[in-house]
Amino acid sequence: MLSYNVAGLLRSTPGTARRYEVHAATLEIADDLRLAAPIEGEVRLASTGRSILATAELTTALDERCSRCLAPVATPVHVSLQEEALPSIDIDTGLPVDTAAEPDALRLDDHHELDLQESVREAISLAEPIVPLCRPDCRGLCPRCGTDLNDDPDHDHGDMPLDPRLAGLAAWRAPDAGH
Ligand SMILES: [Zn+2]
Ligand SMILES: [Zn+2]
């Protein structure tokens, strides 16, 4: 999954490109960040003569919680990726390439296999929304009692005094709560 053998591409004329459909791919992202949908999209691999240039356009969804009402929500994410990978083994001689000059470069493995999993994992992590919402106009929870205001839009406490422990939260919600 998300791994491609590029031996043929390394032997081809610079500029040669291949496209690979990514369909129903799964990937472990992190202990606290999981996919809510398979990864779909396309990977394009091109030979530059000395390396492989990988570009990818991928969509998936992250398993999040709405930051206002705490409901589980699958947040769609789109990632655009560009990586250059250098060989570990010279395709013509079969000898190891001296990697000292570019120690941080992404490398193909000894079998000319390009593994994009780590790059994709990182790109998806970075695409995680800071404030996930179940919908743009989510009304959130009542700051006084925690009732979900999406289910109960007319929810009202009248002039019951505000619990001082929740006053800070109520003030913070005031600009957009409309309640
Ligand atoms: Zn919500
Ligand atoms: Zn309430």
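A nonpolar core is taken here as a set of buried Ala, Val, Leu, Ile, Met, Phe, Trp, Tyr and Cys residues joined through C-beta atoms within 7 Å. With that in hand, the predicted model can be read from its overall layout inward, ending at the core itself.

The protein has three helices and seven strands, and along the sequence these follow the pattern β-α-β-β-β-β-β-β-α-α. Of its 179 residues, 18% count as buried. Among contacts with a sequence separation of 6 or more, 55% link residues that are 24 or more positions apart.

Five of the strands form an open sheet in the order E2-E3-E4-E5-E6, with mixed pairing. Strands E2 and E6 (106-107) stand at the edges and have a single partner strand each, so one side of each is left without a neighbour in the sheet. Strands of a sheet pair through backbone hydrogen bonds, either parallel or antiparallel.

It is convenient to walk through the sheet from E2. Strand E2 (residues 17-25) pairs with strand E3 (residues 35-47) in the antiparallel sense, over seven bridges. Two of the partnerships can be followed by eye: Glu21 has Glu42 of E3 as its bridge partner, and Ala25 has Ile39, also in E3. Strand E3 in turn pairs with E4 (residues 52-65), again in the antiparallel sense, over 10 bridges. Here Leu35 stands opposite Leu62 of E4, while the bridge partner of Arg44 is Thr55 in E4. The hairpin of E3 and E4 has four residues between the strands, and within this hairpin Gly49 takes a positive phi near 105 degrees.

On the next step across the sheet, E4 and E5 run antiparallel and are joined by 14 bridges. Thr60 stands opposite Val77 in E5. The hairpin of these two strands has six residues between them, and Leu70 in this hairpin has a positive phi near 70 degrees.

Strand E4 deserves a closer look. In a regular strand the side chains alternate between the two faces of the sheet. Along E4, Ile52, Ala54, Ala56, Leu58, Thr60, Leu62 and Glu64 point to one face and are buried, whereas Leu53, Thr55, Glu57, Thr59, Ala61, Asp63 and Arg65 point to the other face and are not. The buried set thus includes Thr60 and Glu64 alongside residues such as Ile52 and Leu58.

Helix H2 lies across E4 and E5 and runs at about 135 degrees to E5. Leu126 belongs to this helix. Is Leu126 buried or exposed? With 9 other C-beta atoms within 10 Å, Leu126 is exposed, because a count of 12 or fewer places a residue in that class. Its C-alpha atom is separated by 9.0 Å from that of Val79, 47 residues apart along the chain.

The largest nonpolar core holds 19 residues, and the members that touch the most others are Ile52, Ala54, Leu114 and Leu116. Strands E3, E4 and E5 (72-86) and helix H2 (117-126) each supply at least two residues of this core. The largest share, five residues, comes from E4. In soluble globular proteins, nonpolar side chains tend to be buried together.

Two residues show the surroundings in more detail. Leaving aside residues up to four places away in sequence, Ile52 touches Val6, Leu9, Leu45, Ser47, Ala85, Leu108 and Leu114. Ala85, found in strand E5, is buried, with 24 other C-beta atoms within 10 Å; the cut-off for that class is 20 or more. With the same sequence neighbours set aside, Ala85 touches Ser51, Ile52, Ala54, Leu106, Arg107, Leu108 and Leu114. Ala85 and Ala105 are 20 residues apart in sequence, and their C-alpha atoms lie 6.7 Å apart in space.

Notes:
Residues numbered from 1 in each chain as written. Chains lettered and ligands numbered in written order. Predicted model: local features only at pLDDT ≥ 70, side-chain atom pairs only at ≥ 80, totals over all residues. Pairing = 2+ DSSP bridges. Contact = placed C-beta atoms within 7 Å. Axes fitted to C-alpha atoms, helices over the stretch in contact; angles between N-to-C directions.
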